[in-house]
Structure formats: structure tokens, C-alpha cells
Amino acid sequence: MEIWINPACSKCRSALSLLDAEGAVYTVRRYLDDVPSADEIRAVLDRLNLEPWDIIRTQEADAKELGLKEWARDASTRERWITALAEHPRLIQRPIITADDGTALVARTEEAVREALSHNKS
């Protein structure tokens with residue numbers, strides 16, 4: 001299991017605390033330092049079963065500067081959104097947990113973290 005975090009994020013710290021309390025084995029990826037490529041973002045989106053605009057932090061300064069609220073949300077603009085996420089990783093919603101069974105979740109709640117844990121049990 002891997003968790004994409006921003007250490008300054010309280011939701012990320014809460015998720016890590018819960019994973020530790022449950023004795024989970026996981027790898028931390030500080031995605032602002034180890035920025036995911038466009039291919040990695042595509043792969044995570046497939047695992048999340050979401051579109052790039054579903055994991056955008058719209059209140060970030062970069063989102064406002066890029067005018068993301070005005071961007072179309074359809075197949076023809078999908079790559080533009082993925083490029084924006086790769087070039088501006090602060091826009092990526094967090095934390096994201098990729099589970100061993102191939103699923104992934106945006107784990108902003110305790111319930112979502114517990115669901116991710118359930119996907120890692122044999």
C-alpha cells in the first residue's frame with residue numbers, strides 16, 4: 001500500500017496515524033517532493049475510477065491562476081487536466097491511498113482509510 005501525502009495536511013497526518021494504529025505496512029510518497037508523472041496520475045485515476053477534475057483542489061492558488069473552474073470537464077480536455085496535475089501537484093487532492101488489490105481511495109475520512117485497509121487484507 002502506498003499513501004500520497006503532504007505532511008502539512010491534517011487529513012494526511014490523521015490517515016497516517018490511523019494506518020500506524022492499525023499496524024498497516026505502507027510506503028509514504030510526499031507527492032510535492034516526488035511529483036507523480038502524467039502516466040502515474042493516469043494510473044491512479046484509473047484505480048480511483050475518477051476523472052482528473054474529481055481530484056482537483058479547486059481552492060488552491062494554482063487552480064485559480066489557471067482558471068480551472070472555467071475548464072470543460074469532458075474527454076476532450078482530460079489530458080489538459082492531467083497535465084495541470086502533473087505540473088502543479090498542489091492541485092492533487094490528498095491523501096490518496098493505493099491498495100494492494102489494485103484499488104485506490106481519496107482517504108480524507110477515517111471511513112475511507114479503513115476501507116483502504118480492508119483492500120489490503122488477504
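**Exercise 1. Determine how α1 is oriented relative to α5, and characterise their contact.**

Solution. The model is a predicted one, in which local features require pLDDT of at least 70 and side-chain atom pairs count only at pLDDT 80 or more, whereas totals for chains, interfaces and linings use all residues. Residues are numbered from 1 along each chain as its sequence is written, and side-chain values use heavy atoms, with hydrogens and water left out.

Step 1. Identify the elements. Helices (H or I, at least four residues) and strands (E, at least two) are DSSP runs, numbered from the N terminus. Helix α1 covers residues 10-21 and helix α5 covers residues 110-118.

Step 2. Take the geometry. The two helices pack at an angle of about 45°, and their axes are 10 Å apart. Axes are lines fitted to C-alpha atoms, for helices over the stretch in contact, and angles run from 0 to 180 degrees between N-to-C directions.

Step 3. Classify the angle. Angles under 35 degrees count as roughly parallel, over 145 as roughly antiparallel, 65 to 115 as roughly perpendicular and the rest as oblique. α1 and α5 are therefore oblique to each other.

Step 4. Assign the hand. The crossing of α1 past α5 is right-handed; this label applies if the near helix is turned clockwise from the far one by less than a right angle, and left-handed applies if anticlockwise.

Step 5. List the contact (heavy atoms within 4.5 Å). From α1, residues A15, L18 and L19 meet E110, V113, R114 and L117 of α5. By class, these are five nonpolar, no polar and two charged residues. Here Ala, Val, Leu, Ile, Met, Phe, Trp, Tyr, Cys and Pro count as nonpolar, Asp, Glu, Lys and Arg as charged, and the others, Gly among them, as polar.

**Exercise 2. Describe the packing of α2 with α4, and state which residues of α4 are buried.**

Solution. Step 1. α2 and α4 pack at about 115°, with axes 9 Å apart. α2 is therefore roughly perpendicular to α4.

Step 2. α2 passes α4 in a right-handed crossing.

Step 3. On the α2 side, A38, I41, R42, L45 and D46 take part, meeting R78, E79, I82, L85 and A86 in α4. This contact of α2 with α4 comprises six nonpolar, no polar and four charged residues.

Step 4. Burial is read from relative accessible area: buried means under 20%, exposed over 50%, partly exposed in between (1.4 Å probe, protein chains only). In helix α4 (residues 78-87), the buried residues are R78, W81, I82, A84, L85 and A86. Their cover includes α2 (38-48) and α3 (61-66).

**Exercise 3. Establish the strand order of the sheet, and place T98 and D100 within this region.**

Solution. Step 1. The sheet is open and consists of four strands in the order β2-β1-β3-β4, with mixed pairing; two strands pair if DSSP finds at least two bridges between them. β2 (27-30) and β4 (104-106) are at the edges, each with a single partner strand, so one side of each lacks a neighbour in the sheet. From one strand to the next, the twist averages 20°.

Step 2. Strand β3 (residues 96-98) pairs with β4 in the antiparallel sense over three bridges. T98 stands opposite A104 in β4. α5 packs on the sheet and touches β3 and β4, its direction making about 170° with that of β4.

Step 3. T98 lies in strand β3 and counts as buried because its relative accessibility is 7%. Apart from neighbours within four places in sequence, T98 is in contact with M1, E2, V44, R47, T103 and A104.

Step 4. D100 belongs to the loop between β3 and β4. With a relative accessible area of 56%, D100 is exposed. Apart from neighbours within four places in sequence, D100 is in contact with M1, H119 and N120.

**Exercise 4. Locate N49 and P95, and report their backbone features.**

Solution. Step 1. Most residues other than glycine have a negative phi, and most peptide bonds are trans.

Step 2. N49 is not a glycine, yet has a positive phi of about 60°. N49 lies in the loop between α2 and α3 and is exposed, with a relative accessible area of 69%.

Step 3. R94 and P95 are joined by a cis peptide bond, with omega about -10°. P95 is placed in the loop between α4 and β3.
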